[in-house]
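This report describes selected local features of one protein chain. Loop residues are treated before strand pairing and helix packing.

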Amino acid sequence: MTMLTPRTPTRLAPPGKGRHERKAAELESRTRLAGERLAGFSARPGAQVLQDLSATRNGLTHAEAALRLERHGANVVAHERAPRWWVQLAKAFRNPFIAVLVFLAAVMWWQDPADPGVVILSVMVGISGLLRFWQEFRSGRAADALKKLVTTTCAVQRRAGGAGPTTLEVPMDQVVPGDVVKLAAGDLIPADLRLITSKDLMVGQAALSGESLPVAKADAPPRSAGGTPSSEDLGQFETTDPVEADNLCLMGTSVTSGTATGVVVATGADTYFGSMAGSLVGERPQTNFDNGVRKVSFLLIRFMLVMVPVVFAVNGLTKGDWDEAFLFGIAVAVGLTPEMLPMVVSANLARGAVAMSRHKVVVKRLNAIQNLGAMDVLCTDKTGTLTEDRIVLDRYLDVHGNEDDEVLEYGYLNSHFQTGLKNLMDQAVINRVNEAEEVVVDARFSMVDEIPFDFARRRMSVVLGRNSIVGDLGRSEHVMITKGAVEEVLDLCTHMTDRGRKVELTDQLRRHVTRIAEDNNRQGLRVLAVATRTMSAPRDTYSVADEDGLTLVGFLAFLDPPKADAARALQALADKGIAVKVVTGDNDLVAARVCADVGIDVGHVVLGAEIDALDDTALRALAARTTVFAKVNPVQKARIVRALQADGHTVGFLGDGINDAAALRDADVGISVDTAVDIAKESADIILLEKDLTVLEQGVIQGRTTFGNTIKYIKMTASSNFGNVFSVLVASAFIPFQPMLAIMLLVQNLVYDIAQLATPWDRMDEEYLRRPRNWDAKGIGRFMVCIGPISSIFDIAMFVIMWNVFGANSEAEQALFQSGWFIEGLLSQTLIVHMIRTRKIPFIQSRASWPVMVMTVLAVLTGLYLPFSPLAGSLGFVPLPAGYFPWLIGVLLAYCTLTQLLKTLYIRRFGTWL
């Protein structure tokens, strides 16, 4: 019974590694141990496996099953669950900048509980967090609704005491090690099984291996490569990959045809699937967005920590009123802080999510929208993304490799008349023949007998009688048509059809036809041979012994065809600066063929086995120069993603299988589809309702627009605020009164920030959307320092004008000075938005969207109205003389002209703007 005890390593990763590295090591260790354990079951004879599990072919008793369920627990795997709504709400406020705003609001409240700034900051924080929470909460519910439970029970053989076995429908989560499970077409595999009987069993393993075609499974496969099939279950020579073991069926796969009986060797977390799922729950790794927001937030916080103490000290020393200096310092901190940043980011992301939903995309995590825009490498499987995820008959060839309708006819007869469940290739052959031809075939032939497919022979035959209504073809003879694996069919052939003549299949000709089949295999096609035999002495029944002395007719070649729009979609992604790398569990020949057909420069195809031999540094170099990876397992997929990230790339991963879950989680943006397995959807950030790269392209554009509008707000606001604070610093040193009251600074900031609420609805220049965009904290800092002080030049000019032209040069006239600077500061801040939002000439080469234009006009009118409004007295304003406004217009025009000139110089010097 030792086999039933789960074996978990005591230490899954070396100490001292980061949390992300430990998780990756844990995944690799668990998967390897599960694989080794399953390989052991595969290698042992079936009778020995039953003995090790203390089980019998008749199944467990009900009492024993109950004991094992208590001992091993329910047959469920660990999976990501959406957090409770209150946890999700709390996480929506977990942001360094929100923490700064909360701190400032707390200080302001402590100083003056009635300060309106407290309410303003609190509203900003509340709206930001609630926007993010509501969008992610709704998206999470939408993603949950996409999960469709195919089945909840399976057929298990159990006994009641000494009674004989009965077959029961048992809930999947109550299956236990030692249970004997019966499988039929359409069944999900409920746990990891060792087969003990099988008949014509074909299993779809795409979710685990990525291979599009079903694979044959049997309880008694050959003992070695090229070995002779045995009817006795002696086990299979040990394989390091349980997915490739012919006598194992793994949880998460499904039966496409045939029947079988298997004994459960692992359930829940001990299954191969469970070994991967157990390491995929908990905190997710930091993405490009997370790192970018953190760097930019701390950059702005550093600016605040430097500037605010300086303003406080200068004010205190020059004015002598330290209480007033403290209040002004707090106001400056608020002024320097882009307090709308969390709200604008959340609104931008929420708007992006809504826009993407119109393109049949569900955004589970809002941050993924920006990551999608920043993505410069997309790793994707080929099946269903580059291909149509269906098998078609691509060509039907004679023995010389030329297309021949006779080969298609014989292939069709074999597929059409077989009575068993037709596999995907049979259906592909039938689909190639039109309905009119089907009627003719039914009239010419009738079914006599068939020899079904089995794993050992790897072929099937039908025997047809020619109907007498067709004139001279109504001879009394039967025709056997055999279709199957090339090697097995060729071994039975003594002749071949050569341009309508039957000729002997000599060794030279045998090598020739073998080469034709191999050439098509190398082109990524799945090849079957078709052969016939005319029975001169007809009878009612035929056997395997009659499959002899066959005449080779030709070959049928199948593939999963490329999507018609795949090449265009890939080119569109390339035009937007995104390199596509194909990472598939399918074989290298198929992967290379499909990639070549859709225009991907294949180069050298790297196999999973090569990756295992490399350390992380070597893999980084290999991943950078490789386009196609084939035969890769889940651990290798995740390593490829991390290697690309370590090389500075923002990586997206598109996958829908169990074997994709780790890579989906590690990627900066994990993308799955609504038809994916649950664990893939849980690991993904974005779910496509159609597995289509064209949809993804639209998402990329939306992501870049979202990021562009976010960075636009940050650069506009941070540089403007920096310039304002610089102006305050100069004014504080030379003017004997406060250049602007704290309440004025807060109102100015509020009006400007409300105007910026339209930013998420602004458009981006087409040129900006052509390449990936990333957070650049250093670039933002440089932008603030270079562009921010431009406003200070004109602020100081306005100081001089107010001081000398309008006589606002004493404490008695300070309200006039403050009112004049308030209007100039607000209007310059608002209008400069249009200068900064584009690298082009504003209003002429690039115009803002109408919501931005409307909010600009409203902000300007509000600023002009406030000194003349009923609120003027309470806010400290006084009306301005008419002579002020020509000076204001001159200052603003000069400001815009200089900004445009310096913008051109900045772009020439640094090669970037936004």
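Lys631 lies in the loop that runs between strand 21 (628-630) and helix 22 (634-646). In this predicted model, the phi angle of Lys631 is near 55°, a positive value in a residue other than glycine. Lys631 has a relative accessible area of 38% and is therefore classed as partly exposed, since that class lies between the buried limit of 20% and the exposed limit of 50%.

A positive phi value is also found at Arg499, where the angle is near 55° and the residue is again other than glycine. Arg499 belongs to the loop between strand 15 (493-498) and strand 16 (501-504). Its relative accessibility is 67%, so Arg499 counts as exposed.

Is Asp546, in the loop between strand 17 (526-535) and strand 18 (550-559), buried or exposed? With a relative accessible area of 11%, Asp546 is buried, because the class takes in values under 20%. When its neighbours within four places in sequence are left aside, Asp546 is in contact with Met480, Arg533, Met535 and Arg539. The C-alpha atoms of Asp546 and Ser461 are separated by 9.8 Å, although these residues are 85 residues apart along the chain.

The table lists the three loop residues with their accessibility.

| Residue | Loop between | Relative accessible area |
|---|---|---|
| Lys631 | strand 21 (628-630) and helix 22 (634-646) | 38%, partly exposed |
| Arg499 | strand 15 (493-498) and strand 16 (501-504) | 67%, exposed |
| Asp546 | strand 17 (526-535) and strand 18 (550-559) | 11%, buried |

Strand pairing is considered next, with strand 5 as the reference. Strand 5 (residues 192-204) pairs with strand 8 (residues 254-266) in the antiparallel sense, over ten bridges. Within this pairing, Met202 stands opposite Ser257 of strand 8. Strand 5 is also joined to strand 6 (residues 215-217) by three bridges, and these two strands run antiparallel. Here the bridge partner of Met202 in strand 6 is Ala216. Met202 thus has a partner in strand 8, Ser257, and a partner in strand 6, Ala216. Two further bridges link strand 5 to strand 7 (residues 248-249), again in antiparallel fashion. In strand 7, Leu248 stands opposite Arg194.

Two helix pairs complete the description. Two packed helices are described by the angle between their axes and the distance between the axes.

The axes of helix 13 (residues 405-417) and helix 14 (residues 424-432) come within 9 Å and cross at roughly 125°. That angle makes helix 13 oblique to helix 14. The crossing of helix 13 past helix 14 is left-handed. Helix 13 contributes Leu408, Gly411, Tyr412, Asn414, Ser415 and His416, which meet Asp426, Val429, Ile430 and Arg432 in helix 14. By class, this contact has four nonpolar, four polar and two charged residues.

For helix 26 (residues 742-755) and helix 28 (residues 814-836), the axes come within 10 Å and cross at roughly 25°. Helix 26 is therefore roughly parallel to helix 28, as angles under 35 degrees are assigned to that class. Helix 26 passes helix 28 in a right-handed crossing. On the side of helix 26, the contact is made by Met744, Val747, Gln748, Val751 and Tyr752. Helix 28 supplies Gln818, Trp821, Phe822, Gly825, Leu826, Gln829, Thr830 and Val833. By class, the contact of helix 26 with helix 28 has eight nonpolar, five polar and no charged residues.

Notes:
Residues are numbered from 1 along each chain as its sequence is written. This is a predicted model: local features need pLDDT of at least 70, side-chain atom pairs count only at pLDDT 80 or more; totals for chains, interfaces and linings use all residues. Side-chain values use heavy atoms; hydrogens and water are left out. Axes are lines fitted to C-alpha atoms, for helices over the stretch in contact, and angles run from 0 to 180 degrees between N-to-C directions. Helices (H or I, at least four residues) and strands (E, at least two) are DSSP runs, numbered from the N terminus. Angles under 35 degrees count as roughly parallel, over 145 as roughly antiparallel, 65 to 115 as roughly perpendicular and the rest as oblique. A crossing is left-handed if the near helix is turned anticlockwise from the far one by less than a right angle, and right-handed if clockwise. Contact means heavy atoms within 4.5 Å. Ala, Val, Leu, Ile, Met, Phe, Trp, Tyr, Cys and Pro count as nonpolar, Asp, Glu, Lys and Arg as charged, and the others, Gly among them, as polar. Two strands pair if DSSP finds at least two bridges between them. Buried means under 20% relative accessible area, exposed over 50%, partly exposed in between (1.4 Å probe, protein chains only).
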